[in-house]
Every structure is written in structure tokens, then in C-alpha cells.
Amino acid sequence: MANAEKVAAVAELKERFETSSGAVLANYRGLTVAQLADLRRALNGHASFAVVKNTLTKLAATEAGVADQLGDLLTGPSAIAFVKGDVVEAAKGLREFAKANPALEIKGGIIDGKSMTPPEIDRLADLESRDVLLAMLAGAMKASMARAAATMAALPTQMARLAAALEAKRAAEAPAEAAAPAAEAAFFEAAAATETDESNTNEDAAADVAAQATTEDATED
């Protein structure tokens with residue numbers, strides 16, 4: 001490969017590293033051209049699969065600042081799946097293809113700037129896809145909005161019931177409040193009447209005493 005071609009290849013790989021959300025390295029030894037085509041279809045646009053030269057890829061990874069994350073993965077026959085779409089869907093596509101074609105060996109990779117081992121990429125494939133998560137989120141938001149709408153719709157009824165309850169409470173308390181002054185007035189009236197009766201009784205007793213004394217004086221004379 002001429003020097004100009006190498007420079008162009010490194011620049012292209014560097015751009016792919018920088019613009020992709022992930023890069024999964026694989027050993028493709030034993031796969032036919034037809035199988036590689038099937039793999040690209042299995043990725044369904046979520047990733048592009050390219051056979052690369054290790055020396056040029058190391059240069060590109062260094063320039064892109066991801067050489068440390070890739071570590072020693074660039075050994076032997078190498079191919080890279082540069083993830084452009086949903087990383088979970090890309091991981092699912094690679095795993096399903098590897099199950100049907102054991103010649104594809106996932107060596108590891110880098111997802112969102114983080115190094116990923118083969119088991120971690122396999123676990124990534126177990127997650128829900130971005131579209132499914134968005135659908136779940138939309139469903140949860142819709143349910144929350146429905147509950148909020150139901151609550152708002154119930155507020156007038158609840159306020160009316162509260163107002164009725166308060167009115168009934170006031171009505172129940174009103175007779176008791178009105179009875180208190182009446183009872184107090186009756187108490188004072190009874191007390192006054194008792195005092196009047198006692199006064200009259202005392203006056204009558206005094207009159208009897210006076211009358212008796214007058215009678216005695218008259219008899220002595």
C-alpha cells in the first residue's frame with residue numbers, strides 16, 4: 001500500500017473511532033465472503049463491519065485517543081464493527097451471528113469511551129433496545145398523565161364533598177352553641193327566683209316575730 005493510501009486509511013479509521021458510539025473488535029478467521037455479507041445484514045444498519053490492518057488501526061486508535069482502551073485486542077486477523085446506531089441492537093446482531101457462525105470470535109471493544117470485554121458485550125446484548133426503552137418510558141409517562149388527569153377531574157367532586165362535610169359539621173355544632181347561652185340564662189333566672197323566695201320567707205318570719213311581740217306588750221298592759 002502506497003504511503004498516501006496508508007495516510008488516507010488511517011484518517012478514515014480515526015474518523016470512524018471519533019464519530020462512532022462504539023467499536024467491537026472480532027476475529028473473523030474462517031468466515032467466507034458470503035458469511036461476512038450476512039453479518040453486515042445482521043447488523044441491520046446499527047453498525048458497519050470492516051476488515052482492518054492492525055498496524056494502521058493502531059495508528060488511528062492512537063490519533064483518536066482510544067489506544068489504551070483497545071489494549072492488546074489488535075492481534076491476529078481483525079475486523080471492527082463500528083457502531084452507528086443502537087449499541088444494544090448491534091451487540092444483539094453480533095451475538096446472534098456468532099451463535100450461528102462460531103468462527104466469529106468477539107475479542108472486546110470500546111462502547112461510549114469505556115473498554116468492554118466479550119462477557120460485557122454479551123450482557124449488553126441482554127438489555128432492552130433503545131426503541132423498547134423509549135416505548136416503555138412513553139407508556140409510563142402516559143400512565144402518569146392519565147393518573148394526573150383523573151386526579152384533577154376528581155378535585156371538584158372532592159371539594160364539593162369537603163364543603164358539604166364542613167357545612168354539616170357547622171350545623172351540628174350550632175344547636176350546642178345556641179343552647180349554652182340559654183342554659184346559662186335559665187340558671188341565673190332560677191338562682192334569682194330562689195333568692196326572691198328566701199327573701200320573702202325571711203320578711204314573713206320577721207313580721208310574725210313583730211306581731212307576737214306587739215301581742216305580748218298589749219297583754220302586759
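1. The note opens with a helix pair. The axes of helix α2 (residues 33-42) and helix α5 approach within 9 Å and cross at roughly 145°. This crossing of α2 and α5 is right-handed. On the α2 side the contact is formed by Q35, D38, L39 and A42, and on the α5 side by G93, L94 and F97. Two packed helices are described by the angle between their axes and the distance between the axes.

2. The coordinates discussed here are those of a predicted model. Average pLDDT for the chain is 76, and 63% of the residues score at least 70. Residues 209-221 fall below a pLDDT of 50, and this stretch has 0 contacts in the model beyond near neighbours in sequence. Where pLDDT is low, the predicted coordinates should not be read in detail. Helix α7 is assigned to residues 130-220, and the reader may wish to consider that assignment together with the stretch 209-221, where the pLDDT is below 50.

3. The strands form an open sheet. Its 5 strands are arranged in the order β2-β3-β1-β4-β5, and the pairing is antiparallel. The edge positions are taken by β2 (47-52) and β5 (114-116); each has a single partner strand, so one side of each is left without a neighbour in the sheet. From one strand to the next, the twist averages 20°.

4. Strand β3 deserves a separate point. Strands β1 (residues 22-27) and β3 (residues 78-83) run antiparallel and are joined by 5 bridges. Within the β1-β3 pairing, A23 stands opposite F82 of β3. The pairing of β2 with β3 is also in the antiparallel sense and extends over 6 bridges, with F49 placed opposite A81 of β3.

5. How much of β3 is buried? The strand is mostly covered, with 6 of its 6 residues buried. The burial applies to both faces: S78, I80 and F82 are buried on one side, and A79, A81 and V83 on the other. F82, which faces A23 across the pairing, and A81, which faces F49, therefore belong to opposite covered sides of β3, since S78, I80 and F82 lie on one side and A79, A81 and V83 on the other.

6. Across the whole structure, the search finds 7 salt bridges. One of them links R95 and D126, whose side chains meet at 2.7 Å, N to O. R95 belongs to helix α5 (residues 87-100), while D126 lies in the loop between α6 (118-124) and α7 (130-220), so the pair ties together parts that are 31 residues apart in sequence. R95 has a relative accessible area of 18% and is therefore classed as buried. Salt bridges with shared partners join R95, D122 and D126 into one network.

7. Helix α1 contains two further pairs for comment. R16 and E12 form a salt bridge in which the closest N and O atoms are 3.5 Å apart. The two residues are 4 residues apart in helix α1 (residues 3-19), so about one helical turn separates them. R16 is partly exposed, at 24% relative accessibility, and E12 is likewise partly exposed, at 43%.

8. The second pair in α1 consists of E18 and K14, whose side chains meet in a salt bridge at 2.8 Å, N to O. Both residues lie in helix α1, 4 residues apart, about one turn of the helix. E18 is partly exposed, with a relative accessible area of 45%; K14 is also partly exposed, at 23% relative accessibility.

9. Two backbone positions merit inspection. Which loop holds N44? N44 is located in the loop between α2 and β2. The phi angle of N44 is near 55°, a positive value in a residue other than glycine. With 58% relative accessibility, N44 counts as exposed.

10. D112 is the second such position. Its phi is near 50°, again a positive value in a residue other than glycine. D112 lies in the loop between β4 (105-111) and β5. The relative accessible area of D112 is 63%, so the residue counts as exposed.

Key: Residues numbered from 1 in each chain as written. Predicted model: local features only at pLDDT ≥ 70, side-chain atom pairs only at ≥ 80, totals over all residues. Heavy atoms only, no water. pLDDT = per-residue confidence, 0-100. Contact = heavy atoms within 4.5 Å. Salt bridge = Lys/Arg side-chain N within 4 Å of Asp/Glu carboxyl O. Buried < 20%, exposed > 50% of the residue type's maximum accessible area, 1.4 Å probe, protein only. Pairing = 2+ DSSP bridges. Axes fitted to C-alpha atoms, helices over the stretch in contact; angles between N-to-C directions. Left-handed = near helix turned anticlockwise from the far one by under 90°.
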